[in-house]
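Visitor: Hi, I'm new to this one. Can you walk me through it?
Guide: Sure. Here it is.

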Amino acid sequence: MKKILTSLALLGLLAGGIGAVGSVAMAAEEAHNAAAPTHFPIDEPKEMDWSFAGPFGTYDKAQLQRGLKVYKEVCSACHSMNLVAFRTLEGLGYSEAQVKSFAAEYTIHDGPNDAGDMFDRPGKSSDHFPAPFANEEAAAASNGGAAPPDMSLLAKARGVERGFPRFVFDIFTQYAQGGPDYIHSLLTGYDETPPAGMVIPEGTHYNPYFMSGVSLKMPKPLSDGQVTYDDGSPQTVDQYSRDVSAFLMWAAEPHLEDRKKTGFRVLVFLLLFGALVYLTKRKVWEGVAH
């Protein structure tokens with residue numbers, strides 16, 4: 001009996017030692033993974049509350065106008081929006097005259113004229129937002145070798161894959177805000193501190209929400225009080241990020257509200273049509289023996 005108890009005690013000590021070693025090894029591995037992550041983004045984007053979310057969501061035009069101002073005063077210095085025409089800004093609640101005045105603030109390089117020369121002129125409503133650089137090579141040369149992406153479709157092109165079972169629920173909740181969630185998290189993630197031991201490449205900036213690595217070349221673009229709002233909204237990095245993310249969602253999908261209205265009408269029609277077909281079938285076959 002004594003030998004059995006002694007053996008059990010030894011086994012307990014051995015198991016405890018193995019468990020302690022395993023815990024230490026696991027902790028060391030976690031620390032190593034934190035310093036050298038193998039998947040990106042390191043942190044998943046935060047899910048925000050957007051007015052355009054869900055099957056009945058609509059754009060907040062005041063927010064879109066603020067987002068346009070953030071884009072114009074901050075983002076447009078590096079990022080183009082080549083696929084967006086000035087005339088579409090009427091969808092933000094601006095009048096035709098306001099859109100013409102806004103477009104005229106830009107200089108468009110046009111031509112050739114009758115003499116075969118290129119020339120500059122004020123923008124027109126039919127023009128698209130001009131790019132800040134002459135070409136992609138010039139954009140890359142001015143930004144440390146990485147050309148800033150065009151923002152026309154950025155809110156639809158960016159977005160982190162959502163694993164099981166969330167993507168199943170997304171079918172029913174109509175979650176389609178991955179792009180705005182990602183952009184907002186990225187813009188507000190610059191103040192995060194990198195884990196101990198993590199090596200940040202020189203000339204880059206740590207951001208745990210960046211989907212292609214531990215850091216990116218773009219420095220923190222926003223700061224509190226940088227853009228003046230006329231409607232009394234908070235002039236903070238978080239608010240700027242919300243507004244410009246919503247604006248970029250509109251730029252990528254300006255007909256979102258119409259699409260949702262059409263989809264709802266189609267579903268109502270299909271339900272009524274299905275009910276009529278069922279009742280017709282019952283009426284036609286009610287006198288036939290089965």
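Guide: One term before we start: buried means under 20% relative accessible area. Also, this is a predicted model.
Visitor: OK. Is Cys-75 buried or exposed?
Guide: Cys-75 is buried, because its relative accessible area is 14%.
Visitor: How many disulfides does the structure hold?
Guide: Zero. Cys-75 is in no disulfide, and the nearest cysteine sulfur, that of Cys-78, is 9.0 Å away.
Visitor: Why is there no bond from Cys-78 to Cys-75?
Guide: Their sulfurs are 9.0 Å apart, which is too far for a bond. The cut-off for a disulfide is 2.5 Å between the sulfur atoms.
Visitor: And how accessible is Cys-78?
Guide: Cys-78 counts as partly exposed, at 30% relative accessibility.
Visitor: New topic. Where does Arg-66 lie?
Guide: Arg-66 lies in helix α2, which covers residues 61-73. Arg-66 is buried, with a relative accessible area of 12%.
Visitor: What does Arg-66 touch?
Guide: Leaving out residues up to four places away in sequence, Arg-66 touches Tyr-229, Asp-231, Ser-233, Gln-239 and Asp-243.
Visitor: Which side chain makes a polar contact with that of Ser-215?
Guide: The side chain of Thr-204, at 2.8 Å. Ser-215 lies in strand β4, residues 215-216. Ser-215 is buried too, at 11% relative accessible area.
Visitor: What else is Ser-215 in contact with?
Guide: Setting aside neighbours within four places in sequence, its contacts include Ile-200, Pro-201, His-205, Tyr-206 and Phe-210.
Visitor: Let's go to the surface. Which residues make the nonpolar patch?
Guide: Val-266, Leu-267, Phe-269, Leu-270, Phe-273 and Val-277 make a nonpolar surface patch of about 590 Å². Leu-267 sits in helix α9, residues 256-285.
Visitor: Is Leu-267 buried or exposed?
Guide: Leu-267 counts as exposed, because its relative accessibility is 54% and the cut-off for exposed is over 50%.
Visitor: Now the backbone. Where is a cis peptide bond?
Guide: One joins Phe-40 and Pro-41, with omega about 0°. Pro-41 lies in the loop between α1 and α2. The peptide bond from Phe-164 to Pro-165 is also cis, with omega near 5°. Pro-165 is in the loop between α5 and α6.
Visitor: What is phi of Gln-174?
Guide: Near 60°, a positive value in a residue other than glycine. Gln-174 lies in the loop between α6 and α7. Gln-174 is partly exposed, with a relative accessible area of 43%.

Definitions and conventions:
Residues are numbered from 1 along each chain as its sequence is written. This is a predicted model: local features need pLDDT of at least 70, side-chain atom pairs count only at pLDDT 80 or more; totals for chains, interfaces and linings use all residues. Side-chain values use heavy atoms; hydrogens and water are left out. Patches are made of residues with over 30% relative accessible area and no salt bridge: like charges are joined within 9 Å, nonpolar side chains (Val, Leu, Ile, Met, Phe, Trp, Tyr) within 5 Å. Accessible areas come from the Shrake-Rupley method with a 1.4 Å probe; for residues, only the protein chains shown count as cover. A salt bridge is a side-chain nitrogen of Lys or Arg within 4 Å of a carboxyl oxygen of Asp or Glu. Helices (H or I, at least four residues) and strands (E, at least two) are DSSP runs, numbered from the N terminus. Buried means under 20% relative accessible area, exposed over 50%, partly exposed in between (1.4 Å probe, protein chains only). Contact means heavy atoms within 4.5 Å. A polar contact is a pair of N or O atoms within 3.5 Å; within protein, one must be able to donate a hydrogen and the other to accept it, and residues adjacent in sequence count only if both atoms are side-chain atoms.
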